[in-house]
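Visitor: I should like to learn how a structural model of this kind is read, feature by feature. Where should one begin?

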Amino acid sequence: MKIDYRNSLGFVLALLIPLLILGGIAYKPLVAKAQGEEILLATDAYDPRDLFRGDYVHLNLEISRATYDLLSKEIFYNTEKYNDSFVYVLLKIDQNGYHSIDTVLEKPPSEGVYLKARISGLRETSGFQKSYSVYLNYGLERYYVQENTGEELQYDSNDGILDVVVRTYKGYGYVERLRKRDAE
Amino acid sequence: MKRKTIGSSSYRFIKNETAYLERIEVIDHETRTRIVDAYEPREEGMNYIRIILTIGAILVGLGIISFIASNWKEIGNSFKLTIIVLGVLGFAASGRILEESYPRTGRSLVYISVMIFGAGIFLIEQMYNISIHFSKSFLLWSLGVLPMAYVLKDKLIFVFANALLLVYGIGNLNYHGIEWVYLALLIVFYAVNRFVFENNPYFMFMENILAAIWVIDVIEELGGSGLLAACVIFGSGISMKYVLSRHERVLALQGNLFMGISGLFLTFKGIWTDLDFSYGGETAIVFGIVLMAYFLMDTKKGRLSSLFFVCILIFRYYVDSFYDFMPKSMFFIIGGLILIAFGYTFERIRKKEGIGYENRL
């Protein structure tokens, strides 16, 4: 049977699209791995009932909550408008080597290490009228583990003694590995 | 001359018999050619070879996913990426080559490629701990396999792409704004069905469900109530059943389903509380009675789906009214007897002579 070359070209194009999608998903982590900066984030103790879903550990990052004094003026005065929107979290390093929130900005900062996040919820702060703490979602909240091997990590995460090593590049970050506090 | 489409076994029969008639000189060669040319064999549906090969493809695909997933700490990320890419490319390309001589086996290799592509999405997310909403992965999977369905004109891949988009649609309801990407992809689905599958009514049926999900999502995102969503779906059901079904018969069934499902929601008191008046309970009951009467009348025309909704409505009111008051054993026995009575009625209607296929639907 003769091969229809016009159809074959269509087939090659159709095959390119899945490959582009796969490449698109892997692109940012690969760039962050090659050119990004390593940062260290601390986790908080987490309610064990929701801790381990399927084959990943849920990471409760300390930087997932920002009090109102950490918000930029623009976000502070329009917090409700920014709910469910992307923001940029400028990080600072403390004396123990952990990164914590310096300021939550509406635009990417020109310098410094920062992460892109989505404001995923607000909590009204008592004592200061109309101000909110915000919950931030970075897409760094999961760490996948091999099936049936996550038990120890689960307990460590329960106790809030897990540190998260993140590789970050231009606001994008991915969890490279976990380490037990004081293990290194 | 327009050729008549017949089943492949009937086509073979005509070919063989006309050859026989030519051999015993009842007809000449030209007549035989003209007879055979008046028919064309229907594109083959699912036969057992295809079913076996498809199941085989799915099993191999699942096996590969499981292999990489279970060994993922032992294999390096770049090696895993290579396996995924080579798997997608290799199976698709060898399927394409094999298709020239073994069309069904070749196609099953393409199915494996489709499965590995989906697995690849999830595995790359695992590899780099990417925590996007699970439904987004299904959107990407659907997006990636649609061109293959288009190029190969493959119904199974197209159905699969529709199903993947359905998972995305349901998973993404009321989540982060209006889904424009979903809408764009849905329009492409309609177009592919129109131009590649000649408006296959079953595909249209699936796409209409996807469209209804989008409409419900938009209403929710814009702050509309459940009442509004149910009314819109109910209204579109009416138009499908009474207007659009003139063009496509399956829309009569789908319109009825839309009316029945959204109508069922409208029989609950809670949904009417969105209106600023205190007669929610009464409105729901009146609506329920009218709906029941409508479906009963429709059942008389022999429409089985209407009978189904009559049964559902009776059962819904039975559960609502008696669950709290009756002893549990009595509740289940009577509930079971009601269902058996429904089943009997269904069977009787089906058996009735003279009910056309479209009416039974």
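Guide: The dialogue below takes up confidence, the fold of chain A, a hairpin and a surface patch in turn.

Visitor: What are the overall scores of the model?

Guide: This is a predicted model, and its scores are ipTM 0.71 and pTM 0.74. For chain B, the mean pLDDT is 83, and 92% of the residues reach at least 70.

Visitor: Which elements of chain B have the lowest and the highest mean pLDDT?

Guide: The general idea is that predicted coordinates should not be read in detail where pLDDT is low. Among the elements of chain B, helix 16 (residues 357-360) has the lowest mean, 44, whereas helix 7 (residues 155-171) has the highest, 92. Over residues 353-361 of chain B the pLDDT stays under 50. For that stretch the model has 19 contacts beyond four places in sequence.

Visitor: How many helices and strands does chain A have?

Guide: Chain A has four helices and eleven strands. Of its 184 residues, 48% count as buried. The chain exposes about 10500 Å², of which carbon and sulfur atoms supply 49%. As for contacts in chain A between residues at least 6 apart in sequence, 63% of them join residues at least 24 apart.

Visitor: In what order do the strands of the open sheet in chain A stand?

Guide: Strands of a sheet pair through backbone hydrogen bonds, in either a parallel or an antiparallel sense. In chain A, five strands form an open sheet in the order 4-8-7-5-6, with antiparallel pairing. Strand 4 and strand 6 (99-105) of chain A stand at the edges with a single partner strand each, so one side of each has no neighbour in the sheet.

Visitor: How many bridges join strand 8 of chain A to strand 4, and how many join strand 7 to strand 8?

Guide: Strand 4 (residues 65-66) is joined to strand 8 (residues 132-137) of chain A by two bridges. Six bridges join strand 7 (residues 114-124) to strand 8 of chain A. Val134(A) illustrates both pairings: Ala66(A) stands opposite Val134(A), and Val134(A) is also the bridge partner of Leu122(A).

Visitor: In which sense do strand 10 and strand 11 of chain A pair?

Guide: Strand 10 (residues 162-169) and strand 11 (residues 172-180) of chain A pair in the antiparallel sense over eight bridges. Within this pairing, Val165(A) stands opposite Arg177(A). The hairpin has two residues between the strands, and Lys170(A) takes a positive phi near 45 degrees there.

Visitor: Is Gly171(A), in the loop between those strands, buried or exposed?

Guide: Gly171(A) is buried, because its relative accessible area is 5%, and the cut-off for buried is under 20%. Leaving aside neighbours within four places in sequence, Gly171(A) is in contact with Tyr114(A), Leu115(A) and Lys116(A). Sequence separation and spatial distance are read separately: Gly171(A) and Ile63(A) are 108 residues apart in sequence and 14 Å apart in space, C-alpha to C-alpha.

Visitor: Which residues form the nonpolar patch on the surface of chain B?

Guide: A nonpolar side chain must have over 30% relative accessible area to enter such a patch. Here the patch is formed by Ile51(B), Ile55(B), Ile58(B), Leu59(B) and Leu62(B), with about 440 Å² of accessible area together. Ile51(B) lies in helix 3 (residues 48-70) of chain B. Ile51(B) is partly exposed, with a relative accessible area of 37%.

Note on methods: Residues are numbered from 1 along each chain as its sequence is written. Chains are lettered from A and ligands numbered from 1 in the order in which they are written. This is a predicted model: local features need pLDDT of at least 70, side-chain atom pairs count only at pLDDT 80 or more; totals for chains, interfaces and linings use all residues. Side-chain values use heavy atoms; hydrogens and water are left out. Patches are made of residues with over 30% relative accessible area and no salt bridge: like charges are joined within 9 Å, nonpolar side chains (Val, Leu, Ile, Met, Phe, Trp, Tyr) within 5 Å. Accessible areas come from the Shrake-Rupley method with a 1.4 Å probe; for residues, only the protein chains shown count as cover. A salt bridge is a side-chain nitrogen of Lys or Arg within 4 Å of a carboxyl oxygen of Asp or Glu. Buried means under 20% relative accessible area, exposed over 50%, partly exposed in between (1.4 Å probe, protein chains only). Two strands pair if DSSP finds at least two bridges between them. pLDDT is the predictor's confidence in each residue, from 0 to 100. Contact means heavy atoms within 4.5 Å.
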